[in-house]
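Q: Please give me a close look at the aromatic rings in this structure, and at the surroundings that help me find my way around them. I would like to know how the rings are placed and how open to solvent they are.

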Amino acid sequence: LLERIDPATNTVVARVELPDRSISAITADATAVWVVTVGDDGGQPTGILVRIDATTNEIAAEIPLGPQVAGYDDSVMLGDGSVWVLGVRWFEEEDVEYGSDLIRIDPATNTVTSVAAVPGLLSSIAVGGGFAWTANETTGSVYKVDHSGTIVATYRTGEGAHDVSYAAGTMWVANQDAGTLTVIDADAGAQRGHSCGHPVGTRAAFGPYVLVVRAEGLTYEDRI
């Protein structure tokens, strides 16, 4: 069940039934609400992206995402004329390699246009400059993916690369284990780093600035 709340009155003004499904991620703009849901297909979790019209509160489209989206740390993001869903392959079958898939949906046609298999179990996504960006915490890497689903660049930023935020042609990456913040020029690919001395995470980027959360204590690298 998805409920819409009017912030002026703090009351529920609409409800959308999503029977036999769990909700794993949600985002919205002025025209639509996009909800990543997970159902059961013969014992195998499978994802469906539900588009809800923001004016009528009715379901406008249901887009199959497949078993790549299983409800484990999924994400969804809007930007640059695309809807991007990051799904984590978290299967129990021994012959299936764990990993992540970055799925692009064209909102003009409500269809999946590309799927990029990205190494590692990922949990953060940003959109900007005509690309989707995501980070691999284990390898300390950031991947830049174009609309065709091709990984066009990989950046080594630092251990624990996790939170990514985009604004004004710049990609910000928080490397929580290294205690550093990496700045990537989205066009030229040049990058520079800033040491924070503590575990860090990004929360929002706006213009030439980024909001950073700095935790107490030593970084992982300092502890070892």
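A: Happily! Let's fix one term before we start: a residue counts as exposed when its relative accessible area is over 50%, as buried when that area is under 20%, and as partly exposed in between. Please keep in mind that this is a predicted model.

Thr-138 makes a good first example. With a relative accessible area of 66%, Thr-138 passes the cut-off and is therefore exposed. You will find Thr-138 in the loop between S12 and strand S13, which covers 141–145. To place that loop against a later part of the chain, look at Gly-197: it lies 59 residues from Thr-138 along the chain, and the two C-alpha atoms are separated by 20 Å.

Now to the rings. Searching the whole structure turns up three aromatic pairs. In one of them, the ring centres of Trp-133 and Tyr-155 are 6.2 Å apart and the planes meet at 25°, so this pair is stacked; planes count as stacked when they are under 30 degrees apart. The two partners come from distant parts of the chain, 22 residues apart: Trp-133 belongs to strand S12 (residues 131–136) and Tyr-155 to strand S14 (residues 151–156). Both Trp-133 and Tyr-155 are buried.

Another pair joins Phe-206 and Tyr-209, with ring centres 6.2 Å apart and planes at 40°, so here the pair is tilted. What about exposure in this pair? Phe-206, at 47% relative accessibility, counts as partly exposed, while Tyr-209, with a relative accessible area of 54%, is exposed.

Back at the stacked pair of Trp-133 and Tyr-155, there is a third ring to add: Phe-131 forms one aromatic cluster with Trp-133 and Tyr-155. Phe-131 also has a charged partner, as the charged end of Lys-144 sits over its ring, 4.3 Å from the ring centre.

For a wider view, turn to the largest pocket, whose volume is about 180 Å³. Its lining has 14 residues, and those closest to the pocket centre are Leu-2, Arg-4, Val-33, Ile-52 and Asn-57. Strand S1 (2–6), strand S2 (11–16) and strand S5 (44–53) each give at least two residues to this lining. By type, the lining residues are eight nonpolar, five charged and one polar.

Definitions and conventions
Residues numbered from 1 in each chain as written. Predicted model: local features only at pLDDT ≥ 70, side-chain atom pairs only at ≥ 80, totals over all residues. Heavy atoms only, no water. Phe/Tyr/Trp six-rings, centres within 6.5 Å; stacked < 30°, edge-to-face > 60°. Helix = DSSP H or I, 4+ residues; strand = E, 2+ residues; numbered from the N terminus. Buried < 20%, exposed > 50% of the residue type's maximum accessible area, 1.4 Å probe, protein only. Lys NZ or Arg CZ within 6 Å of the ring centre and 35° of its normal. 1 Å grid on protein atoms, 1.4 Å probe; cavity = no way out; pocket = protein on both sides within 12 Å on 5 of 7 lines; lining within 4 Å. Points joined across faces, edges and corners; volume = space filled by probe spheres on them. Nonpolar A, V, L, I, M, F, W, Y, C, P; charged D, E, K, R; others polar.
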